[in-house]
Amino acid sequence: MTPLRLEPARRRPALSGACLALGASALFWPAFLIPTWLAYYAGRGRAALIRCCASIAVIGAATLAAVYLYTEPVKDRGPLAVFVANTW
């Protein structure tokens, strides 16, 4: 039986973008790495840059949608107002 062999994330722009977006949704500091990764993939070609940007956008939108759906209204504030007030 051979061990599972994984390629580095740098060779898979969609995977690295998804992991970066998940990390940024869990903690704040990975969001500062997004410009660095985008600059890296810009040098590797337009297709890699588009795949990385698309995966960041999709995972980010899914995370925001999940947070919005699970945010409960408080008193006279709706879910969006509570989300914005607690984020900033």
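A residue counts as buried when its relative accessible area is under 20%, as exposed when that area is over 50%, and as partly exposed in between. In this predicted model, Tyr41 has a relative accessible area of 0%, and because the limit for the term is 20%, Tyr41 is classed as buried.

Tyr41 also belongs to an aromatic group, and that group is a convenient place to start. A pair of aromatic rings is described by the distance of the centres and the angle of the planes. A search of the whole structure finds three aromatic pairs. One of them joins Trp37 and Tyr41 in a stacked arrangement, with 5.7 Å from centre to centre and 25° between the planes. These two residues are four apart in helix 2, which covers residues 34-43, so about one helical turn separates Trp37 from Tyr41. While Tyr41 is buried, Trp37 is partly exposed, its relative accessible area being 28%.

Tyr41 has a further aromatic partner in Tyr40, and here the geometry is edge-to-face, with the centres 5.1 Å apart and an angle of 70° between the planes. Tyr40 is partly exposed, because its relative accessibility of 31% falls between the two limits of 20% and 50%. Taken together, Trp37, Tyr40 and Tyr41 make up one aromatic cluster.

Moving towards the N terminus, the reader comes to the loop between helix 1 (13-26) and helix 2, where Phe32 is found. With a relative accessible area of 58%, Phe32 is exposed. Phe32 is also one of the residues of a nonpolar patch on the surface, whose other members are Leu27, Phe28, Trp29 and Leu33, and the accessible area of the patch as a whole is about 600 Å².

The last stop is another loop, the one between helix 3 (46-70) and helix 4 (79-87), in which Thr71 lies. Which backbone oxygen does the side chain of Thr71 reach? The partner is the backbone oxygen of Val67, at 2.6 Å. If neighbours within four places in sequence are left aside, Thr71 is in contact with Pro79, Val82 and Phe83. The relative accessible area of Thr71 is 15%, and since this is under 20%, Thr71 is buried. Two loop residues thus carry opposite labels, for Phe32 is exposed, whereas Thr71 is buried.

Terms used. Residues are numbered from 1 along each chain as its sequence is written. This is a predicted model: local features need pLDDT of at least 70, side-chain atom pairs count only at pLDDT 80 or more; totals for chains, interfaces and linings use all residues. Side-chain values use heavy atoms; hydrogens and water are left out. Buried means under 20% relative accessible area, exposed over 50%, partly exposed in between (1.4 Å probe, protein chains only). A polar contact is a pair of N or O atoms within 3.5 Å; within protein, one must be able to donate a hydrogen and the other to accept it, and residues adjacent in sequence count only if both atoms are side-chain atoms. Contact means heavy atoms within 4.5 Å. Rings of Phe, Tyr and Trp (its six-membered ring) pair if their centres lie within 6.5 Å; planes under 30 degrees apart count as stacked, over 60 as edge-to-face and the rest as tilted. Patches are made of residues with over 30% relative accessible area and no salt bridge: like charges are joined within 9 Å, nonpolar side chains (Val, Leu, Ile, Met, Phe, Trp, Tyr) within 5 Å. Accessible areas come from the Shrake-Rupley method with a 1.4 Å probe; for residues, only the protein chains shown count as cover. A salt bridge is a side-chain nitrogen of Lys or Arg within 4 Å of a carboxyl oxygen of Asp or Glu.
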